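Here is a briefing on empty space and helix packing in one protein model. Please look over the sequence and the structure first.

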Amino acid sequence: MPKTNAGLEMYYEIEGDGPPVVLIGGLSQDHFGWMMQVPAVAAAGYRCITFDNRDAGQTAPATKPYDIRQMADDTLRLMDALGLPSAHIVGLSMGGMIAQEMAIANADRASSLGLVCTSAATEPETAGVLRAWKDARPHCDDVDFVLMVSAWLFTHRFYQDAASVAGFLGIVRGNPFPQSAAGFVRQCHAVLAHDARDRISEIRTPTRIIVGAEDTLTPPRHSRWLAERIPGAELIEVPNTAHLLSLETDDGFNRVLIEFLQAQTKTVSV
């Protein structure tokens, strides 16, 4: 089993060859959350590194509270263990918060930065949603909980496609390593405490910010705020999709992501 003890026993997978791309999952996600991206990004000529954050998947569970900066350190230590001095860093939602911390404190480790459906801090209305999820999680089984939160993750169009809904719930039911309720609660606390607003302008890494135009969990205004404050950042709003655009409109998201990676690779090679 490909694990590394990098201060924390972490599960990871690598697919493809070429410049490395580290994909960081969001709240409750394990590496499988990138299943629609890895084949496309690898086929485009990149080495994809996916992994399970602490308290998710097959990575060792935490024994005490932690914050987003510690999760950024986890990712950096994994890169160290894999011999990666730098990589293209892509983070979704909570993963985008982790990516922010990496780029702020360790700019030399990020060849480029992809911030997907994320924010620099949790605004009050989103904090209320997360607190409700956190309180409810210990009282729900895995599928019921996903059904409860998924209205915040997809557009109404997703639910009109019965096959897509059945496939998504099948993935949830079939996960052999579901996140524990305690792990979800700890990750929620980390997200709720994250605040990089006074440091976000320190990022100097080439950055593309991607958001679903119908994202209600981290609305586009959060991404616009980031784009206005990260020097040189590009903003792409993907139409007809919401927070989990990586699943709902994977082709469109993959195209926008790969175009950005290729542009950075060409810049480096010139």
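The notes below cover the pocket, the cavity and three helix contacts.

The model is predicted. Its largest pocket holds about 980 Å³ of space. A search of the whole structure also finds one cavity of 30 Å³ or more. Three helix pairs are described: α5 with α7, α4 with α8, and α2 with α3.

**Largest pocket**

- The space in the largest pocket comes to about 980 Å³.
- The lining of this pocket counts 48 residues. Closest to the pocket centre are Leu27, Ser28, Gln29, Asp30 and Val146.
- Helices α3 (94–105), α4, α5, α7 and α8 are the elements that each give two or more residues to the pocket lining.
- By class, the pocket lining splits into 25 nonpolar, 18 polar and five charged residues.

**Largest cavity**

- The whole-structure search gives one cavity at a threshold of 30 Å³ or more. The largest cavity encloses about 40 Å³ of space.
- Its lining consists of Leu147, Ser150, Phe158, Tyr159, Val165, Phe168 and Leu169.
- Two elements, α6 (156–159) and α7 (162–174), give two or more residues to that lining. Helix α7 gives the most, with three residues.
- Six residues of the cavity lining are nonpolar, one is polar and none is charged.

**Helices α5 and α7**

- Helix α5 spans residues 142–149. The axes of α5 and α7 come within 9 Å and cross at roughly 140 degrees.
- Because of that angle, α5 counts as oblique to α7. An angle must be over 145 degrees to count as roughly antiparallel.
- The α5–α7 crossing is right-handed.
- On the α5 side, the contact uses Asp142, Val143, Val146 and Leu147. On the α7 side, it uses Phe168, Leu169, Val172 and Arg173.
- The α5–α7 contact has six nonpolar, no polar and two charged residues.
- Leu147, Phe168 and Leu169 take part in this contact, and these residues also line the largest cavity.
- Val146 is in the contact as well, and Val146 is among the residues closest to the centre of the largest pocket.

**Helices α4 and α8**

- Helix α4 covers residues 124–136 and helix α8 covers residues 181–193. Their axes come within 10 Å and cross at roughly 165 degrees.
- That angle is why α4 is roughly antiparallel to α8.
- The crossing of α4 and α8 is left-handed.
- Helix α4 brings Ala127, Leu130, Arg131, Trp133 and Lys134 to the contact. Helix α8 meets them with Phe184, Val185, Cys188, His189, Val191 and Leu192.
- By class, the α4–α8 contact has eight nonpolar, one polar and two charged residues.
- Both α4 and α8 also give two or more residues to the lining of the largest pocket.

**Helices α2 and α3**

- Helix α2 runs over residues 68–81. Helices α2 and α3 pack at about 75 degrees, with axes 8 Å apart.
- The angle therefore makes α2 roughly perpendicular to α3.
- From α2, the contact draws on Ile68, Arg69, Met71, Ala72, Thr75, Leu76 and Met79. From α3, it draws on Met94, Met97, Ile98, Glu101 and Met102.
- The α2–α3 contact divides into nine nonpolar, one polar and two charged residues.
- Helix α3 also gives two or more residues to the lining of the largest pocket.

Methods:
Residues are numbered from 1 along each chain as its sequence is written. This is a predicted model: local features need pLDDT of at least 70, side-chain atom pairs count only at pLDDT 80 or more; totals for chains, interfaces and linings use all residues. Side-chain values use heavy atoms; hydrogens and water are left out. On a 1 Å grid over the protein atoms alone, a cavity is a set of points where a 1.4 Å probe fits but cannot get out, and a pocket is an open set with protein on both sides within 12 Å along at least five of seven lines; lining residues have an atom within 4 Å of a point. Grid points are joined across faces, edges and corners, and a volume is the space filled by probe spheres set on the points. Helices (H or I, at least four residues) and strands (E, at least two) are DSSP runs, numbered from the N terminus. Ala, Val, Leu, Ile, Met, Phe, Trp, Tyr, Cys and Pro count as nonpolar, Asp, Glu, Lys and Arg as charged, and the others, Gly among them, as polar. Axes are lines fitted to C-alpha atoms, for helices over the stretch in contact, and angles run from 0 to 180 degrees between N-to-C directions. Angles under 35 degrees count as roughly parallel, over 145 as roughly antiparallel, 65 to 115 as roughly perpendicular and the rest as oblique. A crossing is left-handed if the near helix is turned anticlockwise from the far one by less than a right angle, and right-handed if clockwise. Contact means heavy atoms within 4.5 Å.
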